[in-house]
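Welcome, and please have your viewer open with the selection tool ready. We will take this one stop at a time, from the whole chain down to single residues.

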Amino acid sequence: MAQRGSGRGNDYQRQQQALRRAQEQRARQAERERKAAETASKRQERERKAAYQEQQAEQARVRTIGVEHEVEQLGQLLRDALVGDPPTTFERRRRTHTPRKLDERPWSRPEPSPRWEEFAPPEPGGLAAVLGLGRKRYEAEVAEARVRFGEAQDRHRRAEEKRLATLERKRAEHRQAEAQALEEVATFNAKLDEEREAYRAGEPAAVEAHLGAVLDASVYPVGFPHEHRIAFRPATGDVLVEIHLPPEAIVPTARGYRYVKNRDETTVLPRPEKERKEIYASVLAQVALRTVHEVLTSDPDRIVNGVILNGHVKTIDRATGQEVSPCLVTLSASREQFGKLRLSQVDPAQCLRGLNALVSPNPYDLEPIRPIVEFDLSKYRLMDSMDVVAGLDSRPVLVKLTPTEFEHLIRQLFEAIGMEAWNTQASKDEGVDAVAVSKDPVFNGECIIQAKRYSKLVGVESVQALAGVVEHKRAAKGVLITTSWFGRASHDFARQHGRLQLIEGPELKYLIKEHLGKDVIPGPVPPKRRSSRLGQRPAQSDRGAGPSLGRPRPLDSGQ
């Protein structure tokens, strides 16, 4: 009995040991699985982190390539314009009509016609056919089938009529659309031909419209403005172009980007300030040269003799918060002068210096310069010029000229002095008889001219009125010219104003003799007592002072 109990105890122990071994084995297996999972997780985490870091590094490389591409584009602005044809020409603006063929497939195929076989009932067969059984029912079915067959034929006929009508309508609409498109093309081309003829004739509106289309078609990188204003001067063949330049922000402030793994961040590699300024100065020079190039190369009829360009930039004054448009580049170049340049080989900044252009000394800081010519002819209503000098007889009396002739004579005098001048229309001229502009880079500005063909004293109210017009038009100077004379009050007022110049008959006589080669008689001689006063009055050095009766000083062309 004791042995049997001992055996049972040993079996139990063996079972417990086996159970413990199994549990330990499962625990070891679970631990191995846990460690394997942990290892796999760490590996996956490392792989994920590596992939993330590679992605961030790739993004930094892509951003760097993008910045390099932007800078490369900024360096190719001028050369891009030298490749291929001009942005637009009259011939390229012409339209052509390419006929479109109507797709008739939706209406070209008729639906199949109804077939009797599809409606006819089956005839009786077998013994029923021999005995004649079901004949009446068959005939009734045939009659009913014929009704349905007729209805189907009617539907088919109506569908065909509708299809054919739709097809004919579509063809008519297509013919009408084609005719309208052809007419629109012909109308546009006819108008374009009229514009071309007006352009060849040098009509300002046509010249300005064409050159505006040229500059509109010029393709620049994203962020470049396209605003511009154009004024053509038929008398000289010069075109004044005012363009908006890109702001300094067009130059990327970053030279590149780099991903730093240990900090998990992308850092900016800054572009040195000196390099940014050099790039921006080059951009301004390239845009200026490119604009002049596009204007001249888009003028095969050689209507334009030269280009005067002012480049402004729209920005915000950091001191006032107000929007300003400082001028950063201004130049004047003739066609002959510009045609000698090999633009593909020039350094843009040095090329501008060779053209005697004025460039802001600190364009990146938006330091403004004064334009060579700055005016707005839209403020005046201009009229065609008249050659009065050619019709002057020997020693003509100026007071015998008509008012219009006298105004045109004064305009020709200013042109002979070296300015560009235009007469205004007689109606609603606001007291402006002519407008003159100096192209001198030092003494430049806009001059308002009033011409008084008088035979008696010109009152001070005329001088005061001219001062008001000068202020209203924001002109640099006002000149009042008369065949007679002014009083002391007029000279005193002009001297105090500072921007008025009075020219009396004797000085006008001298200027016409000096610059037009004509010996004229201005008009009545001033009263002797006034002459004696003038003879006693010391000469004035102020611009607004009246002249003495001796040799007059030259007419000022500046401010």
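Accessible areas here come from the Shrake-Rupley method with a 1.4 Å probe. Keep in mind that what you are looking at is a predicted model.

**The whole chain**

Start by selecting the protein chain and showing its surface. The accessible surface comes to about 32600 Å², and carbon and sulfur atoms hold 50% of that area. Switch to a cartoon, and you can look for 15 helices and 15 strands. The chain has 559 residues, and 39% of them are buried. If you like contact maps, take the contacts with a separation of 6 or more: 68% of them join residues 24 or more positions apart.

**Helices H7 and H8**

Next, select residues 204-217 for helix H7 and residues 273-297 for helix H8. How do packed helices get described? Two numbers serve, the angle between the axes and the distance between the axes. For H7 and H8, the axes come within 10 Å and cross at roughly 130 degrees. An angle of that kind is why H7 counts as oblique to H8. The crossing of this pair is right-handed.

Now show side chains at the contact. From H7, pick Leu-211, Val-214 and Leu-215; from H8, pick Thr-291, Glu-294 and Val-295. Colour them by class and you should have four nonpolar residues, one polar and one charged.

**Arg-290**

Stay in helix H8 and select Arg-290. Is Arg-290 buried or exposed? Its relative accessibility is 4%, so Arg-290 counts as buried. Which residues does it touch, once those up to four places away in sequence are set aside? Display Leu-77, Leu-78, Asp-80 and Ala-81, then add Ser-218, Val-219 and Tyr-220.

**Val-83**

Move to the loop between helix H2 (77-82) and helix H3 (90-93), where you will find Val-83. This valine has 63% relative accessibility and therefore counts as exposed. Add Ser-344 to the selection and draw a distance between the two C-alpha atoms: they are separated by 9.7 Å, although Val-83 and Ser-344 lie 261 residues apart along the chain.

**Helices H11 and H14**

Select residues 403-417 for helix H11 and residues 505-516 for helix H14. Their axes are 9 Å apart, and the helices pack at an angle of about 55 degrees. H11 is therefore oblique to H14. H11 passes H14 in a left-handed crossing.

For the contact itself, show these side chains:

- From H11: Phe-406, Leu-409, Ile-410, Gln-412, Leu-413, Ala-416 and Ile-417.
- From H14: Leu-508, Leu-511, Ile-512, His-515 and Leu-516.

Sorted by class, the contact has ten nonpolar residues, two polar and no charged.

**Two loop residues with positive phi**

Our last stop is about backbone torsions. Most residues other than glycine have a negative phi. Select Asp-264, in the loop between strand E3 (254-260) and strand E4 (265-270). Its phi is positive, near 50 degrees. How accessible is Asp-264? With a relative accessible area of 40%, Asp-264 is partly exposed.

Finish at Asn-356, in the loop between helix H10 (348-354) and strand E9 (358-359). Phi of Asn-356 is near 60 degrees, again a positive value in a residue other than glycine. Asn-356 has a relative accessible area of 62%, so Asn-356 is exposed.

How values were computed:
Residues are numbered from 1 along each chain as its sequence is written. This is a predicted model: local features need pLDDT of at least 70, side-chain atom pairs count only at pLDDT 80 or more; totals for chains, interfaces and linings use all residues. Side-chain values use heavy atoms; hydrogens and water are left out. Axes are lines fitted to C-alpha atoms, for helices over the stretch in contact, and angles run from 0 to 180 degrees between N-to-C directions. Helices (H or I, at least four residues) and strands (E, at least two) are DSSP runs, numbered from the N terminus. Angles under 35 degrees count as roughly parallel, over 145 as roughly antiparallel, 65 to 115 as roughly perpendicular and the rest as oblique. A crossing is left-handed if the near helix is turned anticlockwise from the far one by less than a right angle, and right-handed if clockwise. Contact means heavy atoms within 4.5 Å. Ala, Val, Leu, Ile, Met, Phe, Trp, Tyr, Cys and Pro count as nonpolar, Asp, Glu, Lys and Arg as charged, and the others, Gly among them, as polar. Buried means under 20% relative accessible area, exposed over 50%, partly exposed in between (1.4 Å probe, protein chains only).
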